[in-house]
Amino acid sequence: MSSTNFDSDLAIVGAGPAGSCAAWESVKYKPGVSVSIFEEHSNIGRPLQCSGLVATDGLRNLGLNLTKLNYNKIKRAKFIAPNFSSFDINRGKDSMVVIDRVALDNYLAERARTNGCEYHLEHRVNQIHFDDNGWILYINHKKKKKIHRSKVLVSAEGVHARLTRSIGLSPPDRNWLFPALQYEFEDTQDVDPDCVELYFGRKYAPGFFGWFIPINENSVRLGIAVEPRFKGKRRLFLKQFRKHPFLKDRFKNSKITNSYGGYVPVSGPVKITYHKSFMVIGDAAGQSKATTGGGINIGGYCGRLAGLMARKIILEELPSLKACRDYQNQWRTLFEPNLSLMKLFRRILTPLPDETWNEIIKIGRETDIGGSLSTSHIDLHGIGLLKHALRPRVFMKSFHAIPQAVSSLFREFIS
Ligand SMILES: Cc1cc2nc3c(=O)[nH]c(=O)nc-3n(C[C@H](O)[C@H](O)[C@H](O)COP(=O)(O)OP(=O)(O)OC[C@H]3O[C@@H](n4cnc5c(N)ncnc54)[C@H](O)[C@@H]3O)c2cc1C
């Protein structure tokens, strides 16, 4: 379909889940449009930067056939306070799964590729420029320089959003990209494969939490994310976390099979996610849950919305600016209220001292937070959390946290 002026109708930067979902959505219908996706790494899904814990419903919304992936079903989440007290949320059904993230990214890429999308690996897009004819991408490929022209451009370049920034759009706030480190272990003892464990406390994961995610009966992912000021101490915190009284014996005979880092995106949604024939999706648009850092499902779904709009521009069904604006309106309507509430919760939760965490876990147990959240969609738990926090019993018990909440609200309001 691409006109002679363009190398492809649509170019996408980044072959993560958001980029590949956008690609698939734009190529899966007839008439075809031509799509090129540029990825700087030589392998899709690598280097790995993920724990692979995802809500099943959200994965289905990406149009995925779950039987094509290997996964471990999760039924419960355990929240553990610094003083070791805890509560469980038991959804009782397979509401979450732990997937192999490399396999997921490759599955999504293959799906787009078999529908005609072209993947260009080891192609780093260094610069982008808009002229009257569309977008020009300046690319490095194995010491060679290339130029690619496209009518529409989608940025799916992940948290750092360098290209997005280069054209004057705001990237996710760097102060809210939390450095993370994770090890994968084999031969771990006492693993309940149905249950994810989340550990709170400044000794192990200041500002965020540590996670123990079962891959099967004897393999787990153990990781932490921390406030950016502790970036250089990630390894120390993870070492300390491994010695947590609930964990140390379980790792006595286990060995590390993998280690990876990355930045957990907890910045909340960015304000402007489009420009002329240009849309930003996934982590680059802050389309992830600031409470947990999970971004596969929502980013992937927003990718689908952007792919559809790109198609409408290319087929001249909608004027470019209107289509891009529609993309932004659509994803905001679907996700922004929840994402913004999660961002607010993150702002309130991050600076909390251990004593308040002990109190929160106690309140969570006494007020059946699991019951309140069991009706909300896992990926959209912002409103469920707010409703729970506003229940009179919870509100009264949390009274001392109100000054912190008000100051966070104030900071949000003036930012
Ligand atoms: C430790 C850790 C654990 C996580 N665990 C979970 C989890 O359990 N569940 C969950 O839902 N989310 C999790 N996340 C978040 C999740 O990984 C992201 O939300 C998700 O990867 C976002 O997808 P994306 O497609 O927007 O970006 P990415 O997956 O980051 O993909 C962006 C791609 O763009 C490429 N790229 C960037 N710039 C260029 C360029 N200039 N030229 C060419 N290519 C470029 C990059 O190489 C990359 O492949 C975790 C994150 C971390 C760090």
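**Close-ups of a predicted model**

**View 1. What packs over helix α5.** This is a predicted model, and we start with the cover over one of its helices. The buried residues of α5 are covered by parts that include the strands β12 (177-186), β13 (195-199), β14 (210-214), β15 (220-225) and β16 (255-265). The helix itself runs over residues 234-242, and its buried residues are Arg 234, Phe 237, Leu 238 and Phe 241. Look down the axis of α5 and these buried residues fall within an arc of 100°, so they line one face of the helix. Swing round to the other side of α5 and you meet Arg 235, Leu 236 and Lys 239, which are exposed. So α5 has an arginine on each side: Arg 234 is among the buried residues, while Arg 235 is exposed, with the buried set lining one face.

**View 2. Ser 8 and its backbone partner.** Here we zoom in on strand β1, which spans residues 8-13 and includes Ser 8. Ser 8 has a relative accessibility of just 1%, and because the cut-off for buried is under 20%, Ser 8 counts as buried. Its side chain has a partner, though: a polar atom there lies 3.0 Å from the backbone oxygen of Leu 10.

**View 3. Glu 40 meets Arg 124.** The side chains of these two residues form a salt bridge, with N to O at 2.5 Å. Glu 40 sits in the loop between β2 (35-38) and β3 (53-55), and Arg 124 sits in strand β9 (residues 123-131), so the pair ties together parts 84 residues apart in sequence. How exposed is Glu 40? Glu 40 is partly exposed, at 38% relative accessible area. Arg 124 is partly exposed too, with a value of 34%.

**View 4. A strand-to-strand bridge and its network.** Asp 88 and Lys 78 pair up in a salt bridge whose closest N and O atoms are 3.1 Å apart. Asp 88 belongs to strand β6 (residues 86-90) and Lys 78 to strand β5 (residues 76-80), so this bridge ties together parts 10 residues apart in sequence. Asp 88 is partly exposed at 30% relative accessibility, and Lys 78 is partly exposed at 25%. Widen the frame a little and there's a network of salt bridges linking Arg 76, Lys 78, Asp 88 and Asp 192.

**View 5. Lys 252 with Asp 249.** In this last close-up, the side chains of Lys 252 and Asp 249 meet in a salt bridge at 3.5 Å, N to O. Lys 252 counts as exposed, with 61% relative accessibility. Asp 249, on the other hand, is partly exposed, with a relative accessible area of 44%.

**View 6. Stepping back to the whole chain.** For context, the chain has 12 helices and 18 strands. Of its 415 residues, 54% are buried. Take the contacts between residues at least 6 apart in sequence, and 73% of them join residues at least 24 apart. The accessible surface comes to about 18,400 Å², and carbon and sulfur atoms account for 52% of that. As for salt bridges, the count comes to 20, and the Glu 40 and Arg 124 pair is one of the bridges shown above.

Key:
Residues are numbered from 1 along each chain as its sequence is written. This is a predicted model: local features need pLDDT of at least 70, side-chain atom pairs count only at pLDDT 80 or more; totals for chains, interfaces and linings use all residues. Side-chain values use heavy atoms; hydrogens and water are left out. Buried means under 20% relative accessible area, exposed over 50%, partly exposed in between (1.4 Å probe, protein chains only). Helices (H or I, at least four residues) and strands (E, at least two) are DSSP runs, numbered from the N terminus. The arc is that of the directions from the helix axis to the C-beta atoms. Contact means heavy atoms within 4.5 Å. A polar contact is a pair of N or O atoms within 3.5 Å; within protein, one must be able to donate a hydrogen and the other to accept it, and residues adjacent in sequence count only if both atoms are side-chain atoms. Accessible areas come from the Shrake-Rupley method with a 1.4 Å probe; for residues, only the protein chains shown count as cover. A salt bridge is a side-chain nitrogen of Lys or Arg within 4 Å of a carboxyl oxygen of Asp or Glu.
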